[in-house]
Amino acid sequence: MSIIELKEITKIFEGRSESVKALDKVTLNVDKGDIYGIIGYSGAGKSTLVRLFNGLEIASGGTLKVLGQEISELKTKELRAFRQKLGMIFQHFNLLWSKTVLENIELPLKMAGVSKIKRKQRAEELVSLVGLAGHEDHYPNQLSGGQKQRVGIARALANNPEILLSDESTSALDPQTTDEILDLLLDLNRKLELTIVLITHEMHVIRRIANKVAVMEKGRVIEQGEVVELFNYPKTETTRKFVQQDIDPRSEDTSEFVMKVLQKNPTARFAELIFNIPDQSRS
Ligand SMILES: Nc1ncnc2c1ncn2[C@@H]1O[C@H](COP(=O)(O)OP(=O)(O)OP(=O)(O)O)[C@@H](O)[C@H]1O
Ligand SMILES: [Mg+2]
C-alpha cells in the first residue's frame, strides 16, 4: 500500500530576477514499511522533495498524497495536526541546547497538548527505545554526536508518527556511529512498522538499510527501484558513480571483485586486512 504518492510533482522557487526549478515532474511511490532512500548530489532537490511531504513547501504542480491525504487541500490548522503523523530528523540534530534530553523529547508532546505526567512517561519510554537510558538529565553538549541524533530520533517519534523523514541524519557522524544510527533506524522500522524516507549522498547508507531507492539529479528522478536491482544494473552514469563510491576506489581489481560479490549479495560487508611482513634481508 502506497502511503506517499507523487505524480509529476514540480517545484519552482520564484526569485526576483530568476526562478529555480528545484523539482521537475517527480513521480514516485513509497509503500508502508519501506525504507526508501533518496540519493543525489548537492542541489539535486532532495530536501525540497521531503519538505513537500510534511507541507513545509507546497508544490507548484502535480499531485501529492501522503497517508491518503492530498496535501495542497489542507488548511493551515489541519496541516499542523497532519504534521504530527510525520517525524523528521536532521543532519545537525536541531536540539534545544538549554534543555535536557528528556525536555527535548517532551517538546513535541507539549506542543500537542499532552499532560505533564503523560509527557514524562512517554519521553522515558522513548529514551529507552533509542538506547539513551541514564542520559535523561544531560544537556546536548554533554552528548556525543551519535547520542545527540538518538535524542533527535526520540523527539521525532514522540507523537507516534507513521512516517519518519531523515534528511542527511548521519552525514555529520563518523562511519561507526553512522552504522549504529542506521541500525537503530532499521530496528525501529521493524519494531514499529515505521516507514522511513532517507535522504543521503552516500550509497553506503542506502545499501545498509534501504529496500528502495530513487536517484535524483537536477530536480529529476533519473532512476528508481529496488536497491538490489539498482546495484546490479545501474542504468545511468550518475548511479554507477554512486555504486562505485561504495566500493574500494583504490584498486580496479578490488573494485571488480567487490562489484561481483555485491551483485550476488548486496548486503555483504568488507574488511581490509593489512599484513606487515618484516623485511628478512635486513636481519
Ligand atoms: N527556499 C528556496 N528558495 C530558492 N531556491 C531554493 C530554495 N530551496 C532550495 N532552492 C534551490 O533548489 C535546488 C534544490 O535544493 P535542495 O536543497 O532541495 O537540494 P539538495 O539535494 O537537498 O542539496 P544538498 O545535498 O546540498 O542538501 C537548489 O538549486 C537550491 O538552490
Ligand atoms: Mg538537502
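## A guided tour of the model

Start by selecting Ser166, which is found in strand β7 (helices, H or I of at least four residues, and strands, E of at least two, are DSSP runs numbered from the N terminus). This is a predicted model, in which local features need pLDDT of at least 70 and side-chain atom pairs count only at pLDDT 80 or more, while totals for chains, interfaces and linings use all residues. Residues are numbered from 1 along each chain as its sequence is written, chains are lettered from A and ligands numbered from 1 in the order in which they are written, and side-chain values use heavy atoms, with hydrogens and water left out.

**Around Ser166**

Is Ser166 buried or exposed? With 1% relative accessibility, Ser166 counts as buried (buried is under 20% relative accessible area, exposed over 50%, partly exposed in between, with a 1.4 Å probe and protein chains only). Now show what surrounds Ser166: beyond residues up to four places away in sequence, Ser166 touches Ile89, Val197, Leu198 and Ile199 (a contact means heavy atoms within 4.5 Å). Add Phe90 too, since a C-alpha to C-alpha distance of 6.2 Å joins Ser166 to this residue across 76 residues of sequence.

**The whole chain**

Zoom out to the cartoon. The protein chain has ten helices and ten strands, and its C-alpha trace spans about 75 × 45 × 40 Å along the principal axes. Its radius of gyration is 21 Å, which agrees with the value near 19 Å for a compact globule of 283 residues (taken over C-alpha atoms, with a globule rule of 2.2 Å times the number of residues to the power 0.38). Colour by accessibility and 46% of the 283 residues count as buried. Among contacts with a separation of 6 or more, 67% are between residues 24 or more positions apart.

**The largest pocket**

Next, select Arg83, Leu86, Pro108, Met111 and Asn159: of the 18 residues that line the largest pocket, these are the closest to its centre. The pocket's volume is about 630 Å³. If you want to reproduce this, use a 1 Å grid over the protein atoms alone: a pocket is an open set of points where a 1.4 Å probe fits, with protein on both sides within 12 Å along at least five of seven lines, and lining residues have an atom within 4 Å of a point. Grid points are joined across faces, edges and corners, and the volume is the space filled by probe spheres set on the points.

Which element gives the most to this lining? That is β6, with four residues. At least two lining residues come from each of α2 (76–83), β6 (86–90), α3 (101–111) and α5 (145–157). By class, the lining holds eleven nonpolar, four polar and three charged residues (Ala, Val, Leu, Ile, Met, Phe, Trp, Tyr, Cys and Pro count as nonpolar, Asp, Glu, Lys and Arg as charged, and the others, Gly among them, as polar).

**Helix α3 and what follows**

Stay with α3 and show its buried residues: Val101, Leu102, Asn104, Ile105, Glu106, Pro108 and Leu109. They pack against α4 (116–129) and α5. Just after α3, check Gly113, where phi is positive at about 80°. Then move to the loop between α4 and α5 and pick Asp137, which counts as exposed at 59% relative accessibility. Its C-alpha atom is 8.4 Å from that of Glu103, 34 residues away along the chain.

**Into the cores**

Select Ile105 again, now with Ile153, Leu164, Leu185 and Met203: these have the most contacts inside the largest nonpolar core, which has 46 residues (a set of buried Ala, Val, Leu, Ile, Met, Phe, Trp, Tyr and Cys residues joined through side-chain atoms within 4.5 Å). Helix α6 (residues 175–192) supplies the largest share, six residues. Apart from this core lies another, of 29 residues, including Ile4, Ile9, Ala44 and Leu49. Before leaving, centre on Met203: leaving out residues up to four places away in sequence, Met203 touches Ile39, Leu230, Phe231, Phe242, Val243, Gln245 and Asp246.

**Two backbone stops**

Most residues other than glycine have a negative phi. Leu67 has a phi near 50°; it sits in the loop between β4 (61–66) and β5 (69–70) and is partly exposed at 22%. Asn160 has a positive phi of about 55°; it lies in the loop between α5 and β7 (163–167) and counts as exposed at 57%.
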